[in-house]
Amino acid sequence: MEEQHPRTFAAYEPDLLSGRQIRLSAELAAEVAEVDRMVRSFNDAAPTSPHLESLARFLLRSEAVASSRIEGVVASARAIAHLELMLATKAGDDHRTHRGISDSAREVVNNVLALRKAVTALSEAADVSVDDINDLQAALMVETEQHETSGYLRTVQNWVGGTSDGPHGAEYVPPAPEAVAPLMSDLAAFISEKHPLPLVQAALVHAQFETIHPYNDGNGRTGRALIHTALARQGLAVGHVLPISMSLLAHAREYIAGLNAYRYVGAADSAAAAAGMDAWIRVFLAATRDAVSEARRFTDELATMRKAWNAKLAQHREALGRRGQPRKGAAVVRLMEQLPGVPIVTARATQMLLGVSFVAASSALEELAGAGVVQVKEVERGTRAYLATDVLDLISGAERRLMTKWDLPELDAWA
């Protein structure tokens, strides 16, 4: 038998980011400025409340679903919205209601909640700490097999690809365990900095985090949530998230190549470093362009959907001999405004959402069901749920639209 010799693998350790001077080529700087203007233009054109609130919830769920799918965590939009409903009404505390809810749905909903935390608590904190990031990762693992060991930096070597027995054949070997804590402290300081180029900061935050790979699980989802923390802290995306992960999911090959490019070999001020960072930043900018376009399209589609709902409701009311348009501020009107963000509701959830009586909530739901705006489904223990299936179907169309090739020849060397 051939003698087996131990193999050694070089773990990659990135340069620090905090306080570092980032120099961009004139061409790339112009591209950054252009995409920055696109994001700010969308912010300025976003609909006013309460439509913004429902759009923000819709975009956040879309981003969490796509970020989870990148890691192979897939659940139906209906299962995700159903579990969100149970948790919002505290029914999720009763484990009997979890029958029929997959572990994948639980993980995606965790991602929704973690992403919400990333753009609220972390964006509003004076500084972001490593403990804050640990808590974000822990939120992803609630009620999963990894829950008890989550929220702590890894103390063992990990790797991407290869086998469970060792890093032989691995696509990437992250820094050694002893390097993780200082690298994460530097990353937290960098996120906390006021940066003149928010998109560049967000791009580097994500690439650096994925390069450190600080946890045993949940690195991708945590790292993508931090993109939105960085953007929100700099005021570039406030009150909503952009569906950047949806574009990265559709362009997985370029995404991986961009992260590989970021892991340059050489000094921080070398030509290799500049080329690698530029390549990754271009990937991030392309994904952000897509995200802005999709956010605009979602805004238009949801507005068109609301008009169709209004027409259905008016027709239904007139058939009953009532005035076509309900009074402004009526529960049924307010509920339609909220449905894009909460596509599955019950009477109890509607009562909490709108701050109305149970009778008023039930009446509004039955009116929308009669108009064909929502569909009725019996759920656990005889409770009636009301589904806005039009909303649940929107994301699949977006994923098909994003399957277009990016023209980024500089990635060829790392693909």
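Y255, W280 and F284 come together as one aromatic cluster, a good place to begin in this predicted model. Look for their rings in the structure above, and then widen the search: the structure holds 5 aromatic pairs in total. Take the rings of F209 and Y215, whose centres are 6.1 Å apart and whose planes meet at 45°. Planes under 30 degrees apart would count as stacked and planes over 60 as edge-to-face, so this pair is tilted.

Are F209 and Y215 buried or exposed? F209 has a relative accessible area of 0%, so F209 is buried. Y215 is buried too, with its relative accessibility at 0%; the cut-off for calling a residue buried is under 20%.

Rings can also have a charged neighbour. Which residue lies over the face of Y172? That residue is R263, at 3.9 Å from the ring centre.

Now step back to a longer stretch of the chain. An unreviewed UniProt entry carries the annotation "domain: Fido" for residues 128-286. Over residues 128-286, the chain is 57% helix and 7% strand. The C-alpha atoms at the two ends of this stretch are 27 Å apart.

Finally, follow the chain to strand β5, residues 384-387. Strand β4 (residues 375-378) runs antiparallel to β5, and 4 bridges join the two. Here K377 stands opposite A385 of β5. Strand β3 (residues 344-345) also runs antiparallel to β5, joined by 2 bridges. In this pairing, V345 has Y386 as its bridge partner in β5. As you trace these strands, keep one general idea in mind: side chains in a regular strand alternate between the two faces of the sheet.

Terms used
Residues are numbered from 1 along each chain as its sequence is written. This is a predicted model: local features need pLDDT of at least 70, side-chain atom pairs count only at pLDDT 80 or more; totals for chains, interfaces and linings use all residues. Side-chain values use heavy atoms; hydrogens and water are left out. Two strands pair if DSSP finds at least two bridges between them. UniProt positions are given in the numbering used here, feature names are shortened, and annotations may be inferred rather than shown by experiment. Rings of Phe, Tyr and Trp (its six-membered ring) pair if their centres lie within 6.5 Å; planes under 30 degrees apart count as stacked, over 60 as edge-to-face and the rest as tilted. Buried means under 20% relative accessible area, exposed over 50%, partly exposed in between (1.4 Å probe, protein chains only). A charge sits over a ring if NZ of Lys or CZ of Arg is within 6 Å of the ring centre and within 35 degrees of the ring normal.
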